[in-house]
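Trainee: I would like a close look at a single part of this model. Please pick one buried spot and go through its surroundings.

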Amino acid sequence: MARGLTTIVDSTHLRAPVRAGLLARAARWERPAVAVLFDVPLATVEAQNAGRDRVVPAHIVREFHRLLPTVGQLHDEGWPTVHLASTLTNSA
């Protein structure tokens, strides 16, 4: 970030205080902050999880899905740009 290069933080942050730290870091380095919200239906997540080699316990998957913020919540936290993954397309 110090060099002004695009930096991608690829992680699931389900708790607002953790996301606030990301926003603070972006502000410190004067970099834009963009959130991508993966708005995948729970049934799809559960089906994908069932097909994994290392299945995550169902109660954890449901809890994490329940904790997903909304676009409005992310904007209220200070994220200036929020994209829904379901609306993004590959233009290549």
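Mentor: The model is a predicted one. Take Arg19, which sits in helix H1, the helix of residues 16-28. Arg19 has a relative accessibility of 7%, and buried means under 20%, so Arg19 counts as buried. Its side chain forms a polar contact of 2.5 Å with the side chain of Glu77. Glu77 also appears in the list of residues that Arg19 touches beyond four places in sequence, together with His13, Leu14, Pro69, Leu74 and Trp79.

A second buried polar side chain can be set beside this one. Asn49 belongs to helix H2, which covers residues 42-50. With a relative accessible area of 8%, Asn49 falls under the 20% cut-off and is therefore buried. The side chain of Asn49 reaches a backbone atom, the oxygen of Val56, at 2.7 Å. Apart from residues up to four places away in sequence, Asn49 touches Val55, Val56 and Val61.

Val61 leads on to the next helix. Helix H3 spans residues 58-67 and packs with H2 at an angle of about 145 degrees, the two axes being 10 Å apart. Their crossing is right-handed. On the H2 side the contact is made by Leu42, Val45, Glu46 and Asn49, and on the H3 side by Val61, Arg62 and His65. Sorted by class, this contact holds three nonpolar, two polar and two charged residues. Asn49 thus has a place in the contact between H2 and H3, while its side chain also reaches the backbone oxygen of Val56.

Definitions and conventions. Residues numbered from 1 in each chain as written. Predicted model: local features only at pLDDT ≥ 70, side-chain atom pairs only at ≥ 80, totals over all residues. Heavy atoms only, no water. Helix = DSSP H or I, 4+ residues; strand = E, 2+ residues; numbered from the N terminus. Buried < 20%, exposed > 50% of the residue type's maximum accessible area, 1.4 Å probe, protein only. Polar contact = N/O pair within 3.5 Å; in protein donor to acceptor, adjacent residues only side chain to side chain. Contact = heavy atoms within 4.5 Å. Axes fitted to C-alpha atoms, helices over the stretch in contact; angles between N-to-C directions. Left-handed = near helix turned anticlockwise from the far one by under 90°. Nonpolar A, V, L, I, M, F, W, Y, C, P; charged D, E, K, R; others polar.
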